[in-house]
Amino acid sequence: MTSHPTDLTAALASFDAVWSPRIVAAVNDYDVRLARFHGEHVWHVHEETDEFFLVLDGEIDIALREAGGERVVTVPERSVFVVPRGTFHKPSSREGAAVLLVEPAGTLSVGDRHEAVPAHVDVTTGHALDAGGTGGGRP
């Protein structure tokens, strides 16, 4: 962890991989992650935790499987959305987006249960931010 501010613009400039989050900070037992979204992720569920999305740039869609059926929530730039624990969901972005996520440290990017994971989706608990990102992450 660093004792200096993390410039999110510099952090985002330090990587271009989609669906491969970088840890930019830790708050108590939670990771603050930056990710680039483009195309589709996978249907997955986090059984024990909610998932917080803040769209910094662009727009994302989050498909949800709920008791009443499936629906899609569009989350525009500078907006937040929380997927409740136990809800199957599938993030996507047609044009690409930069997203800040907050999840308990160690949470897998594909949740506790998921469909088959395509090669473009990184199965990870988050990567340390590269040196060019000016801070953040866990040691």
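Arg-85 is partly exposed in this predicted model, with a relative accessible area of 46%. The side chain of Arg-85 meets that of Asp-50 in a salt bridge, with an N to O distance of 3.7 Å. Because Arg-85 lies in the loop between β7 (80-83) and β8 (88-104), and Asp-50 in the loop between β3 (44-45) and β4 (51-58), the pair ties together parts that are 35 residues apart in sequence. Asp-50 is likewise assigned to the partly exposed class, at 32% relative accessibility.

A further salt bridge is formed by the side chains of Arg-94 and Asp-61, for which the N to O distance is 2.6 Å. Here the partners are placed in strands, Arg-94 in β8 and Asp-61 in β5 (residues 60-66), so that parts 33 residues apart in sequence are tied together by the pair. The two residues fall into separate accessibility classes: Arg-94 counts as exposed, with a relative accessibility of 62%, whereas Asp-61, at 9%, counts as buried.

Salt bridges that share partners also join Asp-31, Arg-33 and Glu-103 into one network. Within this network, the side chains of Arg-33 and Asp-31 meet in a salt bridge with an N to O distance of 3.4 Å. Both of these residues are classed as buried, since a relative accessible area under 20% is required for that class, and the computed values are 0% for Arg-33 and 1% for Asp-31. In general, side chains of opposite charge can pair when their charged atoms come close. Counted by the distance rule applied here, the salt bridges in the model come to 9, among them the pairs Arg-85 with Asp-50, Arg-94 with Asp-61 and Arg-33 with Asp-31.

Apart from the charged pairs, a nonpolar patch was identified on the surface, formed by Leu-108, Val-117 and Val-123, which together contribute about 200 Å² of accessible area. Of these residues, Val-123 is found in the loop between β9 (113-114) and β10 (127-128). Val-123 is partly exposed, its relative accessible area being 45%, and this value satisfies the patch criterion because residues with over 30% relative accessible area and no salt bridge are the ones from which patches are made.

Technical notes:
Residues numbered from 1 in each chain as written. Predicted model: local features only at pLDDT ≥ 70, side-chain atom pairs only at ≥ 80, totals over all residues. Heavy atoms only, no water. Patch = residues over 30% accessible without salt bridge, like charges linked within 9 Å, V, L, I, M, F, W, Y side chains within 5 Å. Areas by Shrake-Rupley, 256 points an atom, 1.4 Å probe, with all protein chains shown as cover. Salt bridge = Lys/Arg side-chain N within 4 Å of Asp/Glu carboxyl O. Helix = DSSP H or I, 4+ residues; strand = E, 2+ residues; numbered from the N terminus. Buried < 20%, exposed > 50% of the residue type's maximum accessible area, 1.4 Å probe, protein only.
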